[in-house]
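Student: I am new to this structure and would love a close look at one part of it. Could you walk me slowly through a sheet and how its strands are put together?

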Amino acid sequence: MFKSLAHTARLELTESIRARWFLVYSLVFGAVMVLLLASGLTDSRVMGFTGLSRTLTTYIQICMAILPIFILITMVRSVAGDREAGVLEYMLALPVSLGAWYWGKLLGRYVTVFLPVFLAVVVAVAWAGVRGFDVPWMEFLFSTALLVSLTWCFLGIGMLISTIAKTSDVAQGAAFTVWLVLLLFLDLILLGAMVREQMSSEVVVTIALLNPMQVFRTASMLVFDPELILMGPAAHVILDALGRTGFLIFGFVYPLVFGTLSAVTGFVLFRRGDLQ
Amino acid sequence: MIEFAKVSKTFQRRAVLDDISLSFNKGARVALVGSNGAGKTTLIRCLLGEYVCQGRVSVDGVDPRQDRQGVLARIGFVPQLPPPLKIPVGELINYAASLCCSDPLRMEQVATQLGLDMKVIRTQPFVKLSGGQKQKLLIGIALGRDSDILVMDEPAANLDPQSRKIFFNLLSERSPDTVMLMSSHRIDEVAALVNRVVELDRGKVVLDDHVADTVDPSAVQACSLHLSRPEDALAKTLSAWGFASSDQGLVWSGTVAGPDRLRFFAMMSRYAGLVSGLELK
């Protein structure tokens, strides 16, 4: 089982790295970080690059905006696209268990998707080191952990959509809708409006806590800004209820659980139905 | 060995397989024929455990949906349409060999026998190969491993006559107990390879007959051909079959693989008006 899983993960990794989307994906995240470092959008716009904290904050916020949709759009083509192209018919006629194939594919894709995002952060850390600035290691570790969690969450959602959808076009439409709904339920957009309409705070906070994008956003800001000055109204209520440490743990664990549940649901449905 | 008992499969209320009952014992070499949409590929996918169906599909009593690895470890499969994989050929072979507990070199040897230059294509993406190369590689993967069931969907459709000859030889080298299930929409493609023909039409078995062909799959027959006049198109076709000409293109000689006779005659029928003599022995 584990041998087959490792072989499948390796195959998925090789296949993904050769795909055109991976090149675009890597270039986007690399370019974002290079631009952030070069434009001095760091501790001070006037003084240029004077430290890493704000670079990481900005990078994390950009990740929140583009990482989920990138993952969803590329991931949903995975099973649905393979099914359409006849790849599943052949690959699943080889003696590999469905578990090894499904989770191996997810694992391989995870490495492919996470690596460019992480390497961009590593480049920033290296740059700070070269320039002789202190590296905020705790912030670096927390940010990385949150990115690990966010990536897994959307890979799981992507795999679920890909498993359910009959065609890759349907899968892409569904992925975009999911992303849009989660985006609309961010603190500062729809939740802000809901607060203005005087909905009960419990409902607003529950929605904020259920939205993995909102959870990531709040937690990532909390890493750099313990007072959450920049955040919307729901975040303050959440922070009051859970505290900083509590919310950082929640911010890491919840998207992981969300992604895992999505992926497991996808696997159960995949195993139960027609594979091709 | 393989049993389909009252197997039915519907897609959006359309019956693609309708109460199919078939059983294939050791050594069965079955041609699964029928027009497009007859249900051949669906039946194969049920055997591979890729479809949920009504009724029962089993290999030595084991349901391929319940014990996928156990059943699929026994089946060498060649699909009709090669998958558009971007991975290099070498990676694909290593992956398949590792899952099948086989030696990648063994698969490469079969592919080489079929005419592939593995040194050249090993690093190329599979999807970039020509149709014939893909077919040869997939046959190499299916035959370069231990299996007592071969399931092949139009296996020789993209092969040139020389490669088909080698392919027939490779099949004849398999254990006589091996079950071969070959799907084709043309009986002449596979007739000489099989000892049983099952024809499907709109999801039902309309013919289940045994074939008495004594030609050994590895047999090769010498052929000489006399033409009334030279003809460029025929010359090109005969050259592709490995024939050599003499007497200014009026006399051709070569060999035809035993199982390829029907196909050869079908090809020659297009030039019947030019043939003044034909000997096959």
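Tutor: Happy to. Let us begin with one pair of strands: β10 (residues 220–227) of chain B and β12(B) pair in the antiparallel sense, over seven bridges. Please keep in mind that this is a predicted model. To find the pair on your screen, look for Q221(B), whose bridge partner in β12(B) is V256(B).

As general background, strands of a sheet pair through backbone hydrogen bonds, and the pairing can be either parallel or antiparallel.

Now step from β10(B) to another neighbour. Five bridges join β10(B) to β13(B), and these two strands also run antiparallel. A good landmark here is H226(B), which stands opposite G277(B) in β13(B).

Next, go back to β12, which covers residues 251–257 of chain B, and look at its link with β11(B). Three bridges join β11(B) to β12(B), once more in the antiparallel sense. Here A244(B) has S253(B) of β12(B) as its bridge partner.

With these pairs in hand, what is the order of the strands in the open sheet? Reading across chain B, the four strands come as β11-β12-β10-β13, with antiparallel pairing. And which strands stand at the edges? They are β11 (244–246) and β13 (275–280) of chain B. Each has a single partner strand, so one side of each is left without a neighbour in the sheet. You can check this against the pairs above: β11(B) is joined to β12(B) by its three bridges, and β13(B) is joined to β10(B) by five.

Let us also look at how the strands are turned. Ignoring direction, neighbouring strands of this sheet are turned by 20 degrees against each other on average.

One more general point may help as you rotate the view: in a regular strand, the side chains alternate between the two faces of the sheet.

Finally, a word on the surroundings, as the sheet belongs to chain B and there is a contact between the chains to which chain A and chain B each give 24 residues. On the side of chain A that touches chain B, α1 (2–18) and α5 (87–91) of chain A each supply at least two residues. The largest share of that side comes from α1(A), with six residues. By class, the side of chain A that touches chain B has 13 nonpolar, seven polar and four charged residues.

Key: Residues numbered from 1 in each chain as written. Chains lettered and ligands numbered in written order. Predicted model: local features only at pLDDT ≥ 70, side-chain atom pairs only at ≥ 80, totals over all residues. Contact = placed C-beta atoms within 7 Å. Nonpolar A, V, L, I, M, F, W, Y, C, P; charged D, E, K, R; others polar. Pairing = 2+ DSSP bridges. Axes fitted to C-alpha atoms, helices over the stretch in contact; angles between N-to-C directions.
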